[in-house]
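Please read the following points alongside the structure, taking them one at a time and finding each named residue for yourself as you go.

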Amino acid sequence: MTNEIAIRVAAVRERIASAALAAGRDPKEIKLIAVSKTHTVSAVREVVEAGLRVFGENKVQEGENKIAEMGMLRCEWHLIGHLQKNKVRKAVRSFDVIQTIDSLDLAQRVDRIAGEERQAPLPVLVQIDLAGEETKSGIPESEAEELIYEINKCRNLRLDGVMTIPPFLEDVEMVRPYFRRLREIRDDLKTKGAFSGGIGDLSMGMSHDFETAVEEGATMVRVGTAIFGRRG
Ligand SMILES: *Cc1c(COP(=O)(O)O)cnc(C)c1O
């Protein structure tokens, strides 16, 4: 079992590196986030043994429990699922990065609570909905710039970049335009100074399409199944 996870981690790393090199990028620019949702703490520990220390969870409660159980084994935890208002304090206390800011209301609440709970500003990403699917979370592209302008006024937030969850499409070439669009949005925002000195992270790409995302400029890929195996 241990072996299996270590082999998968190595394989994902290799695929990221070859996609990066083929696109003329330095593989070190890409942060691999192991998405551990539904998986056990012992599986998370195996991933740590394989040399990875960055994890993603989509539910606040599950993440909080896992982070507490990991104890002294310090990792970096990203919240990648929708954040409900009544869970903001828990999220701010447990997670290192919140990738799913998608409204001004939420941004201001996270800002206020981060000011109460933390010493340093909290790194956040804005989740942009490029598919225009009403059911999905994420702010519509047309409203993203205004939100980002407002987030830059929040003293307890540090805007690191943008993330997106494209529609699930079997053919990854159909997903590519979403990745490309997010990069264009990031480039435009960066020109306008939205990421105060930072590169403007692009969080995009999951198990079935992370190589395409890397080709299109992803600096963070969120990979669950290809590392942990199927979710039960
Ligand atoms: C579950 C999840 C992932 C990982 O999905 P896999 O297909 O298992 O790699 C990535 N991003 C988000 C937002 C998720 O919820």
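1. Sorted by class, the shell around the ligand consists of five nonpolar, three polar and three charged residues. Please keep in mind throughout that this is a predicted model, and that the values discussed here are therefore computed from predicted atoms.

2. The residues that make up the surroundings of the ligand are Val35, Lys37, Ile80, Ile165, Met206, Ser207, Arg222, Val223, Gly224, Thr225 and Arg231. It is worth locating each of these on the sequence before turning to individual contacts.

3. Which side chains place a polar atom at 2.7 Å or 2.6 Å from an oxygen atom of the ligand? Lys37 has a polar side-chain atom 2.7 Å from a ligand oxygen, and Thr225 has a polar side-chain atom 2.6 Å from an oxygen atom of the ligand. In addition, an N or O atom in the side chain of Arg231 lies 2.7 Å from an oxygen atom of the ligand. Taken on its own, the ligand has 390 Å² of accessible area, and the protein covers 90% of that area.

4. As for where the ligand is placed, the ligand sits in the largest pocket.

5. A separate point concerns Glu14, which belongs to helix 1, the helix spanning residues 2-22. Is Glu14 buried or exposed? Glu14 counts as exposed because its relative accessibility is 58%, and the cut-off for that word is over 50%. Along the chain, Glu14 and Pro27 are 13 residues apart, while their C-alpha atoms are separated by 9.4 Å.

Technical notes: Residues are numbered from 1 along each chain as its sequence is written. This is a predicted model: local features need pLDDT of at least 70, side-chain atom pairs count only at pLDDT 80 or more; totals for chains, interfaces and linings use all residues. Side-chain values use heavy atoms; hydrogens and water are left out. A residue is near a molecule or strand if one of its heavy atoms lies within 4 Å of it. A polar contact is a pair of N or O atoms within 3.5 Å; within protein, one must be able to donate a hydrogen and the other to accept it, and residues adjacent in sequence count only if both atoms are side-chain atoms. Accessible areas come from the Shrake-Rupley method with a 1.4 Å probe; for residues, only the protein chains shown count as cover. On a 1 Å grid over the protein atoms alone, a cavity is a set of points where a 1.4 Å probe fits but cannot get out, and a pocket is an open set with protein on both sides within 12 Å along at least five of seven lines; lining residues have an atom within 4 Å of a point. A molecule sits in a cavity or pocket if more than half of its atoms lie within 2 Å of its grid points. Ala, Val, Leu, Ile, Met, Phe, Trp, Tyr, Cys and Pro count as nonpolar, Asp, Glu, Lys and Arg as charged, and the others, Gly among them, as polar. Helices (H or I, at least four residues) and strands (E, at least two) are DSSP runs, numbered from the N terminus. Buried means under 20% relative accessible area, exposed over 50%, partly exposed in between (1.4 Å probe, protein chains only).
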